[in-house]
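Biologist: I am new to this structure and would like a close look at a single part of it, together with whatever surrounds that part. Could you take me through it slowly, in one connected account?

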Amino acid sequence: MDSSSFSKAIVTLAILVMLSMGSSNAQLSIDFYSKSCPHLLSTVKPVVQSAINKEARMGASILRLFFHDCFVNGCDGSLLLDDTSSFTGEKNAAPNKNSARGFEVIDNIKSAVEKACPGVVSCADILAIAARDSTVILGGPEWDVKLGRRDARTASQAAANNSIPRPTSNLNQLISRFNALGLSTRDMVALSGSHTIGQARCTNFRARIYNETTIDSSLAQTRRSNCPRTSGSGDNNLAPLDLQTPTRFENNYYKNLINRRGLLHSDQQLFNGGSTDSIVSTYSSNENTFRSDFVAGMIKMGDIRPLTGSRGEIRNNCRRIN
Ligand code: HEM
Ligand SMILES: *[C@@H]1O[C@H](CO)[C@@H](O)[C@H](O)[C@H]1NC(C)=O
Ligand SMILES: *[C@@H]1O[C@H](CO)[C@@H](O)[C@H](O)[C@H]1NC(C)=O
């Protein structure tokens, strides 16, 4: 190689390196802890498994924690911070209060991981791994989790109030919330398939079962028995998001939507004569397409604005900044 093509090669290399650093998730990789914490994955999974053995719903609760973390200023563990007298975090924001749960399981995982590799693994990454493990344990698809996120030293109740989609949303609002974070309409429909597991509170589906016409009447009837019409009574009573199999991760959610059996207003919006009907139909009849689109969506969601390099910190305790 002569000296001019050598310098061209160096310039090209430098540009490639700069481009890769410019992308926000450049440093997330599946082998991020392979040297610093080689047994990380085998340390996390049994803790998730034992929590789910105790209560199958916990898998759903943990998956949702990851969503609520990533949608608020990125996947940075901000959701895990406790409120104190001088600090207001995200746990009491509208979408999380009396609702987000599973924090003790994350603490248990963190303790196990700290024992194995002190001071190395972020709470944000622990949440990403635990969400994947929960999905797999309940029968969902497996994927390699990209790692290397660091933990926020801040949190935002206002951002949590504003960024997490509401169950009263219409289709356009759902689409634009996801699009704003780089997630496509198809990602939105696939990720909503998480509602094939877990529970919702009466306060979040009351209007739907008493006032909407787009709901199967026998489902409405059934749900009214444990969700009183009057706001303020029975608000926290639970019902399964997927009426048949709330602890099995499959595509029943989409089959329900086609039968007007979505529990939340936002669920039924995905199959209500609009642009996403065809995606719902595809997922309801082709479980493998759903599974692979769900994986793609989870990986994209996990890439939202991570803190990398020297930003943020590796928290010692997921509930407080160091
Ligand atoms: C598309 C917009 C979404 C809306 C409006 C929404 C809304 C909700 C609501 C209102 C609940 C019930 C909470 C309660 O009553 O306490 C819920 C539960 C749940 N959500 Fe979503 N969600 C959405 C998307 C997602 C996504 C993207 C995921 C995960 C990737 C997810 C995972 C879950 C899970 C697993 C539960 C059950 C949690 C449990 O049983 O503890 N949701 N969601
Ligand atoms: C977030 O919403 C809750 C419940 O509606 C409200 O009490 C709180 O003041 C809101 N926080 C911010 C910072 O807007
Ligand atoms: C149903 O709609 C009526 C009329 O808009 C409203 O007054 C009532 O509060 C709604 N009920 C529920 C349970 O949302």
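**Around helix H8 and the ligand 1 site**

Modeller: A good place to start is the UniProt record, an unreviewed entry, which lists Thr 196, Asp 242 and Thr 245 under "binding site". Although these residues are spread over 50 residues of sequence, they cluster in space, and the largest C-alpha distance among them is 7.4 Å. Please keep in mind throughout that this is a predicted model. Of the listed residues, Thr 196 lies in the loop between H8 and E1, and that loop leads us to the part I would like to examine closely, with helix H8 on one side and ligand 1 as the next stop.

Ligand 1 has 26 residues around it, and those that come nearest are Ser 61, Ser 99, Ser 194, Gly 198 and Arg 201. The elements that give two or more residues to this shell are helix H3, which covers 57–70, helix H8, which covers 185–192, and strand E1, which covers 199–201. Among these, H3 gives the most to the shell around ligand 1, with six residues. Sorted by class, the shell around ligand 1 holds eleven nonpolar, ten polar and five charged residues.

Where does ligand 1 lie with respect to the domains? The domain assignment of the chain gives domain 1, residues 40–164, and domain 2, residues 171–300. Both domain 1 and domain 2 give residues to the shell around ligand 1, so the ligand lies between them. The centres of the two domains, taken over C-alpha atoms, are separated by 22 Å, and 17 residues of domain 1 are in contact with 16 residues of domain 2. On the side of domain 1 that touches domain 2, the largest share, six residues, comes from H3; H3 is also the element that gives the most to the shell around ligand 1. That side of domain 1 divides by class into seven nonpolar, seven polar and three charged residues.

Returning to H8, we can look at the helices that it meets. The axes of helix H7, residues 171–179, and H8 come within 9 Å and cross at roughly 105°, and the two helices are therefore roughly perpendicular to each other. In this contact, Leu 174, Ile 175 and Phe 178 of H7 meet Thr 185, Asp 187 and Met 188 of H8, and the residues involved divide into four nonpolar, one polar and one charged.

H8 also has a contact with helix H14, residues 287–302, where the axes come within 8 Å and cross at roughly 105°. H8 and H14 are therefore roughly perpendicular to each other as well. Here Arg 186, Asp 187, Ala 190 and Leu 191 from H8 meet Phe 290, Asp 293, Phe 294, Gly 297, Lys 300 and Met 301 from H14, and by class the residues of this contact are five nonpolar, one polar and four charged. Asp 187 thus appears both in the contact with H7 and in the contact with H14.

For wider context, the unreviewed UniProt entry also lists residues 27–322 as "domain: Plant heme peroxidase family profile". The C-alpha atoms at the ends of that span lie 23 Å apart, and the span is 46% helix and 2% strand.

Two further ligands complete the picture. Ligand 2 is surrounded by Ala 93, Ala 94, Gln 157, Ala 158 and Asn 161, a shell of three nonpolar, two polar and no charged residues. Ligand 3 is surrounded by Arg 206, Ala 207, Tyr 210, Asn 211 and Arg 229, and its shell has two nonpolar, one polar and two charged residues.

Definitions and conventions. Residues numbered from 1 in each chain as written. Chains lettered and ligands numbered in written order. Predicted model: local features only at pLDDT ≥ 70, side-chain atom pairs only at ≥ 80, totals over all residues. Near = placed C-beta within 6 Å. Nonpolar A, V, L, I, M, F, W, Y, C, P; charged D, E, K, R; others polar. Helix = DSSP H or I, 4+ residues; strand = E, 2+ residues; numbered from the N terminus. Domains from an automatic or database assignment. Axes fitted to C-alpha atoms, helices over the stretch in contact; angles between N-to-C directions. Parallel < 35°, antiparallel > 145°, perpendicular 65-115°, else oblique. Contact = placed C-beta atoms within 7 Å. UniProt positions renumbered as here; feature names shortened; annotations may be inferred.
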